[in-house]
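Work through the exercises below with the model open. Try each task before reading its solution.

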Amino acid sequence: MMEKTARAAEPATERGLQRCIDPACGATYGLRERIYVCSRCGGTLEIDLGLAALRDSGAMRKLWAARAASRDPRNVSGVWRYRELLPFNEPVPFVTLFEGNTPLYHGPRSAQYCGLDDLRLKHQGCNPTGSFKDTGMTAAVTQAVVLGARTVICASTGNTSASLAAYAGRAGLQAAVLLPKGQITAGKLAQSLDYGALVCEIDGNFDDCMRLIQELGDDPSIYVANSINPFRIEGQKTVAFEMMEQCLWQVPDHVVVPGGNMVNSTALAKGFQELLDLGLISHVPKLSVIQAEGSAPVARLFASLDPREWANGERLPDTMAPVEKPRTLATAIKIGAPVSWKKGLRAVLRSGGKVIAVSEQEIADAKAMIGRDGIGCEPASAATVAGMKKLVAVGHIRRDDSVIGVLTGHMLKDPDYVSHYHRGTLSIDSSAKDGSVTPQRIAGAFRNAPESVAATKAAILESLKRRR
Ligand SMILES: *Cc1c(COP(=O)(O)O)cnc(C)c1O
């Protein structure tokens with residue numbers, strides 16, 4: 001009965017199309033065309049579901065809520081539960097690991113640290129492979145199955161490859177991940193190996209891997225799942241829907257995310273915009289993106305824009321100077337030339353948010369503070385809380401605003417970092433003008449180093465007393 005209400009709202013024809021985001025081009029393509037960029041102008045593609053014609057009076061909200069109590073695998077997934085807003089035609093050969101359904105926690109210690117009355121943290125690290133990439137990969141690998149691809153590939157050193165490997169394993173597809181030799185963390189590499197992907201260690205840098213990906217993408221048996229893939233954004237946007245359900249449809253004042261390739265921020269903004277188009281929310285939250293200082297091309301560009309001239313994101317700068325040698329221990333956001341900077345920046349400007357950068361020290365201390373709330377995230381995720389503290393300090397976020405930070409990955413993705421921080425041995429290489437490299441120590445303001453304690457009850461009680 002509930003199902004029928006929603007079906008009535010669906011367009012009878014193909015659900016959406018792919019469109020070039022460059023307004024001067026605007027070329028459109030069908031959903032089943034195997035393309036990754038606009039074949040007319042080389043621009044980025046975006047999926048348009050034509051929702052303006054689909055005003056919803058609340059039936060969809062009820063339908064989604066009812067599905068939360070269902071055991072049907074499509075409803076158990078926190079992505080496919082929102083399938084009215086996904087670009088797939090029934091029957092969908094969906095590939096799922098029951099992604100999404102991630103917790104929204106209160107973080108009282110983190111809130112106090114930022115100077116906020118309250119702060120909520122949406123932990124996307126609680127996805128099946130430990131990062132938000134899963135919400136996009138379920139859609140991209142499903143699209144690979146729709147298109148009849150036999151092999152899926154990507155060129156990522158981290159969470160994207162782990163996620164692609166897992167979903168390919170799930171679908172029984174072959175996966176290959178291309179990575180520059182010696183530049184992947186042990187945990188993330190281990191995941192790709194365990195999920196059975198062909199891990200190609202390339203003697204070269206990321207750009208070499210990307211060039212190879214482009215060449216391989218011409219082969220009709222291969223589907224490319226890099227972040228440029230518009231189907232990944234479709235899956236990732238569902239975090240906005242889930243967040244609004246968890247907020248009982250009360251729009252928060254601010255949502256803050258870390259920014260690497262700026263795909264996550266783009267996806268979140270698309271999700272909010274679609275809810276607005278459907279009339280399910282009255283306005284969108286201010287979206288702010290936080291980058292690491294040594295890898296902050298978008299924050300640098302943002303700081304150079306005159307707000308009076310660029311507000312609303314109707315016009316965008318044509319170019320962005322990349323960072324030649326990005327530098328940060330937050331490897332998931334160590335990106336010098338973000339693929340989706342234009343879409344991400346447009347989303348931030350339209351919402352009235354900001355793009356700022358934070359230091360390695362600020363990221364490290366924010367991470368430890370999130371930990372004190374009992375929440376473990378990877379360094380890139382902690383940039384959000386570090387950024388909020390700054391945005392409160394400059395008055396962009398007010399003490400009593402409602403604020404949600406997105407934690408993008410799980411702590412166990414990078415336990416070495418955590419251990420070094422608490423033992424006081426965390427450092428990052430710093431290169432001087434003369435080319436010499438020296439390690440720069442990062443102090444642990446909230447250090448919690450292990451103690452050697454005698455094997456007696458008295459000694460342990462004594463240690464506890466000292467720390468009380
Ligand atoms: C991919 C990733 C990011 C960066 O997201 P973008 O969409 O590239 O901006 C941040 N944190 C983690 C843990 C990630 O895996």
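Helices (H or I, at least four residues) and strands (E, at least two) are DSSP runs, numbered from the N terminus. The model is predicted: local features need pLDDT of at least 70, side-chain atom pairs count only at pLDDT 80 or more, and totals for chains, interfaces and linings use all residues. Residues are numbered from 1 along each chain as its sequence is written, and side-chain values use heavy atoms, with hydrogens and water left out.

**Exercise 1. Place Ser70 and describe its surroundings.**

Step 1. Find the element. Ser70 sits in the loop between helix 2 (59-67) and helix 3 (73-76).

Step 2. Classify the exposure. Buried means under 20% relative accessible area, exposed over 50%, partly exposed in between (1.4 Å probe, protein chains only). Ser70 has a relative accessible area of 25%, so Ser70 is partly exposed.

Step 3. List the contacts (heavy atoms within 4.5 Å). Setting aside neighbours within four places in sequence, Ser70 is in contact with Asn75 and Val76.

Step 4. Check the side chain for polar contacts. Such a contact is a pair of N or O atoms within 3.5 Å; within protein, one must be able to donate a hydrogen and the other to accept it, and residues adjacent in sequence count only if both atoms are side-chain atoms. A polar atom of the Ser70 side chain lies 3.1 Å from the backbone nitrogen of Asp72.

**Exercise 2. Which residues around the ligand come nearest?**

Step 1. Apply the cut-off. A residue is near a molecule or strand if one of its heavy atoms lies within 4 Å of it. Of the 15 residues around the ligand, Lys133, Asn159, Gly260, Asn261 and Thr408 come nearest.

Step 2. Look for polar partners of ligand oxygen atoms. The side chain of Asn159 has an N or O atom 2.7 Å from an oxygen atom of the ligand. For Gly260, a backbone N or O atom lies 2.8 Å from a ligand oxygen. A polar backbone atom of Met262 is also 2.8 Å from an oxygen atom of the ligand.

Step 3. Gauge the cover. On its own the ligand has 380 Å² of accessible area, and the protein covers 96% of this. Accessible areas come from the Shrake-Rupley method with a 1.4 Å probe; for residues, only the protein chains shown count as cover.

Step 4. Move on to Ser340. Ser340 lies in the loop between helix 13 (307-310) and helix 14 (341-351). Its relative accessibility is 4%, so Ser340 counts as buried. Not counting residues up to four places away in sequence, Ser340 touches Asn261, Met262, Val263 and Thr266.

**Exercise 3. Survey the loop between helix 3 and strand 4 (104-106).**

Step 1. Start with Glu84, which is found in this loop. Is Glu84 buried or exposed? Glu84 is buried, because its relative accessible area is 8%. The Glu84 side chain makes a polar contact with the side chain of Arg67, at 2.7 Å.

Step 2. Scan the backbone. Most residues other than glycine have a negative phi, and most peptide bonds are trans. The peptide bond from Glu90 to Pro91 is cis, with omega near -10°. Pro91 is in this loop.

Step 3. Check phi. Phe98, also in the loop, has a positive phi of about 60°. Asn101, again in the loop, has a positive phi of about 55°.

Step 4. Add exposure. Phe98 counts as partly exposed at 42% relative accessibility, and Asn101 counts as partly exposed at 41%.
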